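Subject: Structure handover and notes

Hello,

Please find the structure below, ready for you to open. My notes on what turned up in it follow.

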Amino acid sequence: MSKKVLTILAVSGLLGAGVIGATSASAHFGKMNATSSSLVSHKQADKDKHNVSKTTTTSAKSNATKKAHSKTDATPKNASETKVASSSVKAVQPATTQTQTDATTPSTNKVTSFDQLTQNQQLAMLADSCFAYKPTGTQFNVYMPTADQFVIYDIGEGVGGWPDHAVRFTNNHNGTYTIAGAESSASSNSQMTSQNSYWKTIQNVSESSMVARFNQMDSSTRNMLENAFNIQATDFPYLPIQQNAIPNTNESESQNEVSTSNFDRLPQNEKYVLMAKVGLGVANARSSYDVYAPSRDQVIIYDKGEGAGGWAMHSIRVTDNHDGTVTINRPVSDIAQATSQMYKGNSYWGQAVTATKAELLQAGDTLGQQDVNAVANVMVTIPGDFPYLPITQNTMPK
């Protein structure tokens, strides 16, 4: 894609170095009162009263003037009455000021659960969590054939075409949503179609991080977002919601089978090298790697020779999907503010991307066979579980 749609946690290679996944969403989205004019009116009234009184004293012997003087009794007769009237106007001011404050500050009624939000509020926070630009002042179509998987499409932003403004969400029913963007074999957005494109997983976003964002967002931005959704119970017209791979043609299917077969024939340590290259962004023979393999289809690769950033910056989990692809996960935390604060009690395997075995082979071509062999020699396989984060921990610990 020519432009990135989503606010993706910083990733090395396909995944990169960002790890504080669920909390990374970016910041997004006055009146004069009548007091001063009212006070001016009172001063004018006092001035007029004084002029009337002076005229009355000068013309006291005139019957017509006496009659006019009797009418002036309707105005306040002393400074005390004028003072009371003036204070009654000033009493309006605090309420006006309070109205101004409420329009620009977060609500004091904090929500504690994503389920407390209305459907439009939930959609607002999902949109806020994934678009790289501030999605305010626009309109969204929501294609929702099912409640568990739907597409939010920003129809108010035309630059870049639909691939840059459409995001698929999957409700994982574990306190997280998985975000996917449109990927394609086409060279530009204008050439992307349902025949050459698919939904590719980018990352997860937690309900807890969206609730925190909801509580701190100013009400005007929140209200603007809430009213921006047009929900439709149909599939996304540009790319079917459930399309997770490019539709197979005889040629592409044959190429995929060849790549999968070639990858599966590699020595085990060479496979780990290619996984490290794609998942960590680097495979260095001067480092050292532990590979935790408690099961055949799922391993954790830990670059223990890279100390900067701690274990969370240098470990990935790789799952063989047995369909010519692997899923690569990085450790994330909804609580820790830095990787140095991450441990198994506040972290989980999130931030997932899918890579084809053809892409893994391409990473090997980039390295060259000599470097692949050198890195393979510093790979040590350990049959037990990863001590820093259990391999099956997919959600935040309760």
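In which strand is the place of S206? S206 sits in β5. Please keep in mind that this is a predicted model, and that every value below was computed from it.

S206 and its strand

S206 has a relative accessible area of 1%. The cut-off for buried is under 20%, so S206 counts as buried. Two polar contacts involve its side chain. One goes to the side chain of S208, at 3.1 Å. Another, of 3.4 Å, links the side chain of S206 with that of D334.

The burial extends along the strand: ten of the ten residues of β5 are buried, so the rest of the structure largely encloses this strand.

The sheet with β5

β5 belongs to an open sheet of six strands, ordered β5-β4-β3-β2-β1-β6, and the pairing in this sheet is mixed. Strands β5 (197–206) and β6 (229–232) are at the edges with a single partner strand each, so each has one side without a neighbour in the sheet. On average, neighbouring strands here are turned by 25 degrees against each other, direction ignored.

Helix α5 (residues 119–130) packs on this sheet and touches β1 (140–143), β2 (149–154), β3, β4, β5 and β6. The direction of α5 makes about 110 degrees with that of β6.

As a reminder, strands of a sheet pair through backbone hydrogen bonds, either parallel or antiparallel. β4 and β5 run antiparallel and are joined by nine bridges. Within that pair, N204 in β5 stands opposite T178. Strand β3 (residues 166–171) and strand β4 (residues 176–184) also run antiparallel, with four bridges between them. There, R168 has A180 in β4 as its bridge partner.

E183 lies in β4. Is E183 buried or exposed? Its relative accessible area is 18%, so E183 counts as buried. The C-alpha atom of E183 is separated by 6.1 Å from that of W199, although the two residues are 16 residues apart along the chain.

The second sheet

Another open sheet of six strands has the order β11-β10-β9-β8-β7-β12, again with mixed pairing. Its edge strands are β11 and β12 (379–382), and each of these pairs on one side only. Neighbouring strands of this sheet are turned by 25 degrees against each other on average, again with direction ignored.

Eight bridges hold β10 and β11 in an antiparallel pair, and V332 stands opposite Y348 in β11. Helix α10 packs on this sheet, where it touches β9, β10 and β11. The directions of α10 and β11 make an angle of about 85 degrees.

The largest pocket

How much space lies in the largest pocket? The volume comes to about 940 Å³. The lining of this pocket consists of 30 residues, and those closest to its centre are Y198, A245, I246, T325 and T356.

Which elements give two or more residues to the lining? They are β3, β4, β5, α8 (250–264), β11 (348–356) and α10 (357–367). Of these, α8 gives the most, with five residues. Strands β3, β4 and β5 come from the sheet described at the start, while β11 comes from the second sheet.

Two histidines in loops

Two residues are worth a look for their backbone angles. H173 is not a glycine, yet has a positive phi of about 55 degrees. H173 lies in the loop between β3 and β4. With a relative accessibility of 59%, H173 counts as exposed, for which the cut-off is over 50%.

H322 is not a glycine either, and has a positive phi of about 60 degrees. This residue is found in the loop between β9 (315–320) and β10 (325–332). H322 has a relative accessible area of 56%, so it is exposed as well.

If you open the model with these notes beside you, S206 in β5 is a convenient place to begin. From there you can go on to D334, whose side chain is in polar contact with that of S206, and then to the pocket lining, to which β5 gives two or more residues.

Regards

Notes
Residues are numbered from 1 along each chain as its sequence is written. This is a predicted model: local features need pLDDT of at least 70, side-chain atom pairs count only at pLDDT 80 or more; totals for chains, interfaces and linings use all residues. Side-chain values use heavy atoms; hydrogens and water are left out. Two strands pair if DSSP finds at least two bridges between them. Axes are lines fitted to C-alpha atoms, for helices over the stretch in contact, and angles run from 0 to 180 degrees between N-to-C directions. Contact means heavy atoms within 4.5 Å. Buried means under 20% relative accessible area, exposed over 50%, partly exposed in between (1.4 Å probe, protein chains only). A polar contact is a pair of N or O atoms within 3.5 Å; within protein, one must be able to donate a hydrogen and the other to accept it, and residues adjacent in sequence count only if both atoms are side-chain atoms. On a 1 Å grid over the protein atoms alone, a cavity is a set of points where a 1.4 Å probe fits but cannot get out, and a pocket is an open set with protein on both sides within 12 Å along at least five of seven lines; lining residues have an atom within 4 Å of a point. Grid points are joined across faces, edges and corners, and a volume is the space filled by probe spheres set on the points.
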